[in-house]
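Here is a walk through one protein model, for someone who would rather be at the bench. Have the structure open and turn it as you read.

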Amino acid sequence: MKKRCEICQEPFVVGDDDLAFLLKLAPKFHGKNYPFPEPQSCPNCRLRARLSFRNQIYVYSRKSSKSGEQVFSMYPDDSPFPVYAHDEWWSDSWDAADYGQEFDFSRPFFAQFAALAQQVPSFPLSVLKCENSSYSNHCTSVRNCYLVFNTSNAEDCMYCENAFGSRDCTDCTHTPYSELCYDCIQCGRCYALQSSICCEHCSDSYFLFNCTGCRNCFGCVNLRRAEYRIFNEQKTRDEYHAFISSLPLDSFAERSRLRRQCEEFFRLHPRPHIDSKMTEHVTGNLIFEAKNVFDSCLVRGAENCKYVYNAVHGVKDCYDFSCFGNGAELLYACVSCGSQAYNLRCCCLCWGGVYDLNYCWMCSSSRDCFGCVGLRNKSNMILNKQYSPAEYQHLAARIAEHMRETGEWGKFFPMRISPVPYNSSLAQRVFPRSAEDVRKEGLRWYEKETLSRAEAVGAADLPDRLPQTDRAFTVSGRSGRLFRITSEEVRRYRKLNVPLPRDAYDERMEQRALWLGGLKLYPQRCAKTGQPILSTIRPGSGWIVWEREVYEKEFAG
C-alpha cells in the first residue's frame, strides 16, 4: 500500500513482505502478540533516526563522572548523563537497578525512558578485549590500534573503519583481512596495496580500481590476475620497477596529480552498477555473501533481511537494522546491536547474548527487559526495576497497550533523546544537515576546539614531501579544522612512503565513504545492453555503467 511519510512527506510503499516482517517480529506478553503497526515514516527517515544514535568515528577527551579520571569517550563533555571510565562501568561498584523507577501510565513512555537514560551511567566507548587502543570505538579484540572504528581482530592499524582482521593498515575503509595497505576503499585480502578501490587479493600495487588477483600493477582497472601492468599495458619486470622508482610517491602534489590521472583513466572503462558478490535475490549496494536481502547497504553474511545498513556476519531475519551483527537474529528497529542478539525490538547498544529485549539501551547478557538502560546479567526488568516473571509479563503487556494509545508503539526512539550530537553521529554522514537545521529540529550540535590555533601549521605550508624529523605538530587543515599529526604517524608515513595528510582523520574517512556510494538508487540504462538498471552512481557523473552480471561475465578472467 502507498503511504506518505509523516516526517519528510515523501511517498513510500508498505508491501506484503513488510507486513509479514512486522508480524514475525511481534513481541508476545502475557500470552498475547503485540504486532507493530505499519510504519508511518519512510525507510530513509527511519534509518536517519537510528543512525542519529550511532557515533562511529568521533572520540572526545572528558572526565569520568565517577572518579574524575581523564577518559576517551564517544560522548562529549556536555552530555546530559554521567559517563564512567571503562573499568568503572564494568565493575561491581554500582548497579543499574539502583536507578529503577515505577512506570507512570499518565505519561508517555519515551518521556519516562529519557528521564531514566539521563540518570544511568554510560560506558565511554563500546569496546571489548582491546589492548593499547584507547582512541578506538565499536571494536572487539583490536591491539595497538589508533582511531580505528567498527572493527574486530585488527592489529597495528591507524585511521581505519571496518578493517576486520587487518594488520598495519592506514587510512583504509572496508578493507577486511588486509595488511600494509594505505588509502584503500572496499579492498579485501590485499597486501601492500595503496590508493585503490574495490579490489580483492591484490598486492604491491598502486591506484587500482575493480581489480582481482593483481600484483605489481599501477593505475589499472578491471584486470584479473595481472602483473607488471601500467595503465593496463603490459610491461617487463624491469620496466615496471623503473617506472615506480621514478615516481616521488611521498610528494603530496605528485600523489594528487596521479590520483586525478588515474581517475580520468578509470572513467574510460566500465564499472558495475552495484558492488555485490556471492548473492542471491538481493537489492541494494555493497552486499556480499547474502540471500534474500532487500533495500540494504553495506551488508556481509546475511539472510532474509530488509532495510539493513552496515551489518556483518550472521545477520538473519532482521528488519530496519543498522550497524553490527555477529549473530543477530530477529531484530527490529535496532542499532549497534549484535554478538548473539536474539529477538530485540527498538534497542540500541545491546549485545553479548541478549534476547527478548524491548526499547533497551546499553544492555548486555540480559533477557526479558523493557525500557531499561545499562543492565548487565539481568532479566524481568522494566525501567530498571526488578519484577517477577509473571509481574513482568503482565506489566509489559499493559505498557504495550499504553504505547499503542500514545502512538509510540513500534516507533524507534525520538532523535531528540539521542545521546549523540547529530554532527557526531553516522546520520550526518548519510543524511547531512547544517547546524542551523539541526538545531531547528531540537537536536544537539557539538563544536569545541581543543587544540591551539596559534601553534598550528597551515595545510598550504606543510612540506610537499615528508619531513626529516618525527616531530608531532598541529595542522590547520584545508577546511580550517585543526588536527594533530603524531610522531608515530610520521614514522608510519615514512615507512609507507606517502605524504602527510592535509585533512583531519574524520574528513578523510568521510571522503572515502563518498566513494562507497549512498543509499539512493538512480534509474538509468546499462551502457552495454541498454537494459534498465538501478545504481547508486549518479547519471551524468561521467562513468560508464554496466549491469553487474554483464560486467562480471565480460571480466571474469
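What follows goes from the overall fold to three helices, the nonpolar cores, the cysteines and two single residues.

## Ground rules

This is a predicted model, in which local features need pLDDT of at least 70 and side-chain atom pairs count only at pLDDT 80 or more, while totals for chains, interfaces and linings use all residues. Residues are numbered from 1 along each chain as its sequence is written, and side-chain values use heavy atoms, with hydrogens and water left out.

## The whole chain

The protein chain has 12 helices and 32 strands. Both kinds of element are DSSP runs numbered from the N terminus: helices are H or I with at least four residues, strands are E with at least two.

How does the radius of gyration sit against that of a compact globule? For 557 residues the globule would come out near 24 Å, and the protein chain has 24 Å, so the two agree. (That radius is taken over C-alpha atoms, and the globule rule is 2.2 Å times the number of residues to the power 0.38.) Along its principal axes, the C-alpha trace spans about 80 × 55 × 40 Å.

Of the 557 residues, 57% count as buried. Buried means under 20% relative accessible area, exposed means over 50%, and partly exposed is in between, using a 1.4 Å probe and protein chains only. Among contacts between residues at least 6 apart in sequence, 40% join residues at least 24 apart; a contact here means heavy atoms within 4.5 Å.

## Helix H7

H7 runs over residues 389–406, so to speak 18 residues on one rod: it reaches 26 Å from first C-alpha to last, close to the 26 Å expected at 1.5 Å a residue. The expected span is 1.5 Å times one less than the number of residues.

Its buried residues are Tyr 392, Leu 395, Ala 396, Ala 397, Ile 399, Ala 400, His 402 and Met 403. Their cover includes helix H4 (109–117) and strands S3 (28–29), S23 (355–358), S24 (367–370) and S25 (379–382). Right after H7 comes Gly 407, with a positive phi near 80°.

## Helices H10 and H11

In H10 the buried residues are Glu 489, Val 490, Arg 492, Tyr 493 and Leu 496. Seen down the helix axis they fall within an arc of 160°, so they line one face of H10; the arc is that of the directions from the axis to the C-beta atoms. They pack against S10, strand S12 (191–194), strand S29 (482–485) and H11. Asn 497 follows H10 and has a positive phi, near 60°.

H11 (residues 505–516) has 12 residues and reaches 17 Å between its end C-alphas, close to the expected 16 Å. Tyr 505, Asp 506, Glu 507, Arg 508, Met 509, Arg 512, Ala 513 and Leu 516 are its buried residues. Among the elements covering them are S9 (146–152), S19 (277–316) and H10 (487–496). Just after H11, Gly 517 takes a positive phi of about 90°.

## Nonpolar cores

A nonpolar core is a set of buried Ala, Val, Leu, Ile, Met, Phe, Trp, Tyr and Cys residues joined through side-chain atoms within 4.5 Å. The largest has 154 residues, and Phe 109, Phe 218, Phe 321, Leu 344, Trp 361, Phe 370 and Phe 413 have the most contacts inside it. S19 gives the most to this core, with 16 residues. A second, separate core of 24 residues includes Phe 149, Leu 466, Val 490 and Ala 504.

## Cysteines

How many disulfides does the structure hold? Zero, counting a disulfide as a pair of cysteine sulfur atoms within 2.5 Å. For Cys 211, the nearest cysteine sulfur is that of Cys 214, 4.5 Å away. Cys 363 has its closest cysteine sulfur in Cys 360, at 4.6 Å, which is too far for a bond. Cys 211 is buried at 1% relative accessibility, and Cys 363 is buried with a relative accessible area of 1%.

## Two residues to click on

Pro 35 is in the loop between strand S4 (32–33) and helix H2 (43–51), and is partly exposed at 29% relative accessibility. Beyond its neighbours up to four places away in sequence, Pro 35 touches Leu 22, Leu 23, Ala 26, Arg 404 and Trp 409.

Gln 186 is in strand S11 and is buried, with a relative accessible area of 9%. Its contacts, leaving aside neighbours within four places in sequence, include His 174, Asp 275, Arg 300 and Leu 516.
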